[in-house]
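This briefing walks through selected local features of one protein chain, grouped by topic. Please keep the sequence and the structure in view while reading.

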Amino acid sequence: MGNALNTRQSDSPSSLHRAGRRAGAAARIHQKIAKDTKRRPRPGQATAASTEKEGLNPAHLGSDFEDFLKEEGLFEAVHVLAVKKVIAYKLMELIRQKHLTKEALAQRMKTSRAALDRLLDPENPSVTLATLGKAASALGCTLRIELTHI
């Protein structure tokens with residue numbers, strides 16, 4: 001009676017889709033006639049009109065990401081974080097190669113474990129040259145810093 005297993009097939013939602021067609025016949029899909037039959041640009045073919053319509057700035061098309069970051073005033077902050085991530089990655093790589101623990105490296109650097117964790121944190125951009133120098137010395141490396149013209 002009210003049991004889901006005893007429901008008639010005509011009561012199921014899928015029976016609505018099958019109503020009025022033969023077994024194996026394809027379902028018909030209602031489609032409106034397109035008002036604009038002009039050939040539209042394919043995805044990736046941006047036109048000035050289409051980009052403005054979509055809210056994109058045509059001046060940024062073809063520009064690189066660094067130019068965008070400079071225009072937004074974010075380049076320096078992003079660049080500093082990227083450099084810090086590279087430093088943290090390189091230090092962790094050297095720690096693994098030397099088979100050192102963080103505690104042992106902190107002792108070699110004559111610093112606290114918390115200071116070493118800040119140095120190895122890729123999201124923390126604050127690092128001093130003194131701390132970098134201590135880490136390099138403790139790992140048997142030399143520290144070389146280079147400034148290049150952008």
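L69 is buried in this predicted model, because its relative accessible area is 7% and the cut-off for buried is under 20%. The residue belongs to helix α3, and its C-alpha atom lies 9.7 Å from that of H79, a residue 10 positions away in sequence. Across the protein chain, which has 150 residues, buried residues make up 16%. The bullet points below begin with the overall fold and then return to helix α3 before moving on to other parts of the chain.

**Overall fold**

- The protein chain contains seven helices and zero strands, and reading along the sequence gives the pattern α-α-α-α-α-α-α.

**Helix α3 and its surroundings**

- Helix α3 spans residues 65–72, and besides the buried L69 it holds F65 and F68, which are three residues apart and therefore separated by about one helical turn.
- How many aromatic pairs are there by the ring-centre rule? The count comes to one, and that pair is formed by F65 and F68, whose rings are stacked, with 6.1 Å from centre to centre and 25° between the planes.
- The two rings' residues fall into separate accessibility classes, since F65 is exposed with a relative accessible area of 57%, while F68 is partly exposed with a relative accessible area of 31%.
- A patch of negative charge on the surface is gathered from D64, E66, D67, E71 and E72.
- Among the residues of this patch, E71 has its place in helix α3 and counts as exposed, because its relative accessible area is 54% and the cut-off for exposed is over 50%.

**Loops with positive phi**

- Most residues other than glycine have a negative phi.
- H99, although it is not a glycine, has a positive phi of about 55°; H99 is placed in the loop between α4, residues 75–97, and α5, residues 102–109.
- H99 is also exposed, with a relative accessibility of 72%.
- K110 likewise is not a glycine and has a positive phi of about 55°, and K110 is found in the loop between α5 and α6, the latter covering residues 113–120.
- Is K110 buried or exposed? K110 counts as exposed, at 73% relative accessibility.

**Helix α5 and a contact along the chain**

- Q107 lies in helix α5 and counts as exposed, with a relative accessibility of 57%.
- The C-alpha atom of Q107 is separated by 9.0 Å from that of A138, although the two residues are 31 positions apart along the chain.

**Nonpolar surface towards the end of the numbered helices**

- Which residues make the nonpolar surface patch of about 300 Å²? The patch is made by L129, L143 and I145.
- I145 is found in the segment after α7, a helix that covers residues 129–138, and at 53% relative accessibility I145 counts as exposed.

Methods. Residues are numbered from 1 along each chain as its sequence is written. This is a predicted model: local features need pLDDT of at least 70, side-chain atom pairs count only at pLDDT 80 or more; totals for chains, interfaces and linings use all residues. Side-chain values use heavy atoms; hydrogens and water are left out. Helices (H or I, at least four residues) and strands (E, at least two) are DSSP runs, numbered from the N terminus. Buried means under 20% relative accessible area, exposed over 50%, partly exposed in between (1.4 Å probe, protein chains only). Patches are made of residues with over 30% relative accessible area and no salt bridge: like charges are joined within 9 Å, nonpolar side chains (Val, Leu, Ile, Met, Phe, Trp, Tyr) within 5 Å. Accessible areas come from the Shrake-Rupley method with a 1.4 Å probe; for residues, only the protein chains shown count as cover. A salt bridge is a side-chain nitrogen of Lys or Arg within 4 Å of a carboxyl oxygen of Asp or Glu. Lys and Arg count as positive and Asp and Glu as negative; His and the chain ends are not counted. The place of a charge is taken as NZ of Lys, CZ of Arg, CG of Asp or CD of Glu. Rings of Phe, Tyr and Trp (its six-membered ring) pair if their centres lie within 6.5 Å; planes under 30 degrees apart count as stacked, over 60 as edge-to-face and the rest as tilted.
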